[in-house]
Structures are given as structure tokens and as C-alpha cells.
Amino acid sequence: MSLLVCGSLAFDTLLGFEDRFARHLLPEHLSKLSAAFRAPTMRREWGGCAGNIAYSLGLMGETPRVLGAVGADFAPYRAHLERHGVDTGAIRAFDDAYTAQCFIISDADGNQITAFHPGAMDRSAHLSVADLPARPTLAIVAPSGREGSLRFARELAGQGVPFVFDPGQELPLFSRDELVALVDAAAWVTVNDYESELLIERSGLSLAEIAARVTALIVTRGAAGSTIYAGGDALEIAAAPLEAPLVDPAGCGDAYRAGLLYGLARGLPWADTGRIASLLGALVAEQPGAQNHAFELAELAARYRRAYGRDWPGGDAHTRTSCGEG
């Protein structure tokens, strides 16, 4: 099984402001805003949807291939992914651009101010599935830049490759006709609860109509679990319980999608696939950042049993193991 992950790769810089933004912003003077926030804590993380998804797949013993555009500063990130079993051969670096960068400063109340530089991600449409050395058997089109997502979906559908469409935060960028075409081209669609409402509004299709156009529609709901609409049924998946305090929910959705791909690659029942996906999301929530969790597959199987009272459904927890560095 050859897994292809199309999507963004980014550096995330997270800054901590120990006061409250409201104490330093004057609403009546926002037209001439000039504010500086001293941030004594800073953390730099590997990020981007494709990187996050591929990292978790690598931990599970897969060798996912990532298709994405990056900048001249990507070398350390590439080495990190390769250490964790990810095939980076299809990641194209543009020497005159930076890798996508996200800068987030959070205040004492959890309010955030974010600046995002897309950098090389805007050139993802220069890449092509046709240039890959081999045809993938299963893929996901995660946020890749508007034009890149449209191209990857069109090419995968043209080659008869079943893929998951994961519009994420890029959903508002597509027109109604484009969204309907993307749904029709995909085998599966996955969105979070908010994105499901936006998809309904933007596409003009009801949830039932979207589910009827694909093999399965997966809607994640955070701590409330997830719902998998397949075969005319709605399967409710309980969220896996945390075994440590919640640290950072960022990247939980991408980990869920890695579990989704893992189950699809093995033809597992939807209930098993959903539980594996939820378990990976819980692991990420217990760590800072989206790529700092680490495990062996046998350990994951033991936690699966604790969470759901069932044996690991993957069938390989004792024969294939993977481990990662933080």
C-alpha cells in the first residue's frame, strides 16, 4: 500500500505574552495601532497538515510520501521527517522562497494574534502527481494552497486513485462549483464540526447529500468524539480518554487523519478506524506541538485496549513497531 499525503509543510513559532492584550490595545486608537508585546517564552515546532499527518503515519510503521512545496530553509525539517520514516522525495524546495511560516502570540487569557506567511506553499500548483515515481494506491488532499488542492484532486481522480478530501481552513477559498466537484472526486471527505457547517453553506448541499456522494463523510467534534456517515448510517465514535493533562490541541485533527488513513489502508471496519484515529488525536493533545508524541505500536495497542476495552484491530502491533524522537 503506497500512501500519498498532499498538503502544507510549515514552521510554527509560538510566543507567550504573560499579560492580556486588552490591557495594551486602545480600541479608540486602532486606526493608528503601534503595539509591541514582550514574549518571554518561545517555541518553534514542525507543522503544516501534510507534515503532521505523515509524521504520525511514520510512527505507525508506514512510509508515507509527502507531496508539497517548501523553501530554501526546509533542510532540518526534511531530516526530521526522514528520521521518522517519511518519504520526502516528492517535496520540492524553491530556493527563492521560505517554507510557510506561522507566528502565533498568545496572551494570558488564551487570546491569539497570528501572522501567516504562505511562502513556497503558494507554488504547490507547480507540483504534479504525474511526476511521482509510482502511482499511489491511497491519498489524502489536505490544505495545499487553493490551486494546489484543485490540481492534486483532479490528477488523483484522473488516475483512479481513491483519496480523502480534507479542506480544512482553506474551505472558504473554493467556490460552490469547486466544492461540489471536489466532493464528487473524493472517495472520503473529512472535516471538523465547524467546517461541516461551512461546507454545507458553501456547497449548497446538506450533510446527507454530501454523505451520499462519497463512501464516507467523517466529522470530528473534538472532545465530543466524531461521527462517520457511511452506508446510510451515522456511526458515533467516542473520543479516546486522555491519560495525561491536556497540553495543546493543535495538530489533533491531523493525527486523527493519520489514523483514518491507517485504517483505510488496512480495510478495517469504520468503528475500528475511528477509534484508532481518536486515540492518535488524544496522544497529540497530551504533548506540546503536533509532532512531539512518540510511541511503539505495541504501546499504542495497549492504550487502545485501556481506552476501548478491545484488542488492537491492526493485526500488527507485535510484529511492526515504530518509535519517534520528540
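Helices and strands are taken here as DSSP runs, of at least four residues for helices and at least two for strands, numbered from the N terminus. On that basis, Phe 21 falls in the loop between β2 (10-16) and β3 (41-47). The model is a predicted one, and a walk through its overall form, its two sheets and its aromatic rings brings us back to this loop residue.

The protein chain holds 9 helices and 13 strands. Its C-alpha atoms occupy a box of roughly 55 × 45 × 40 Å along the principal axes. A compact globule of 326 residues would be expected to have a radius of gyration near 20 Å, and the value for the protein chain, 20 Å, agrees with this. Buried residues account for 52% of the 326 residues. Among contacts with a separation of 6 or more, 69% join residues that are 24 or more positions apart.

Consider next the open sheet of 9 strands, whose order is β5-β4-β1-β8-β9-β10-β11-β12-β13 and whose pairing is mixed. At its edges stand β5 (91-94) and β13 (233-237); each has a single partner strand, so one side of each lacks a neighbour in the sheet. From one strand to the next, the twist averages 15 degrees. At the β5 edge, β4 (residues 65-71) runs parallel to β5 and is joined to it by 4 bridges. Within this pair, Ala 69 is found opposite Arg 92 of β5. Helix α5 (residues 193-203) packs on the sheet, where it touches β10 (188-192) and β11 (216-220), and its direction makes about 115 degrees with that of β10. Helix α8 (residues 270-285) lies across β10, β11, β12 (226-230) and β13, at about 35 degrees to β13.

Another open sheet is formed by 4 strands in the order β3-β2-β6-β7, again with mixed pairing. Here β3 and β7 (112-117) are the edge strands, each pairing on one side only. The twist in this sheet averages 15 degrees from one strand to the next. Strand β6 (residues 100-106) pairs with β7 in the antiparallel sense over 6 bridges, and Ile 104 has Thr 114 of β7 as its bridge partner. Helix α2 (residues 75-83) lies across β2 and β3 and runs at about 60 degrees to β3.

Turning to the aromatic rings, a search of the whole structure gives 11 aromatic pairs. In one of them, Phe 17 and Phe 21 have ring centres 5.6 Å apart and planes at 10 degrees; since planes under 30 degrees apart count as stacked, this pair is stacked. Phe 17 and Phe 21 are both buried. Elsewhere, ring pairs link Phe 11, Trp 46, Phe 74 and Tyr 77 into a cluster. Two tyrosine rings also have an arginine charge over them: the charged end of Arg 266 sits 3.8 Å from the ring centre of Tyr 262, and that of Arg 275 sits 5.8 Å from the ring centre of Tyr 308.

What surrounds Phe 21, leaving aside residues up to four places away in sequence? Phe 21 touches Phe 37, Ile 105, Ser 106, Asp 107, Asn 111, Gln 112 and Ile 113. With a relative accessibility of 5%, Phe 21 counts as buried, because the cut-off for that class is under 20%. Leu 59, which is 38 residues from Phe 21 along the chain, has its C-alpha atom 39 Å from that of Phe 21.

Definitions and conventions:
Residues numbered from 1 in each chain as written. Predicted model: local features only at pLDDT ≥ 70, side-chain atom pairs only at ≥ 80, totals over all residues. Heavy atoms only, no water. Phe/Tyr/Trp six-rings, centres within 6.5 Å; stacked < 30°, edge-to-face > 60°. Buried < 20%, exposed > 50% of the residue type's maximum accessible area, 1.4 Å probe, protein only. Lys NZ or Arg CZ within 6 Å of the ring centre and 35° of its normal. Contact = heavy atoms within 4.5 Å. Pairing = 2+ DSSP bridges. Axes fitted to C-alpha atoms, helices over the stretch in contact; angles between N-to-C directions. Rg over C-alpha atoms; globule rule 2.2 N^0.38 Å.
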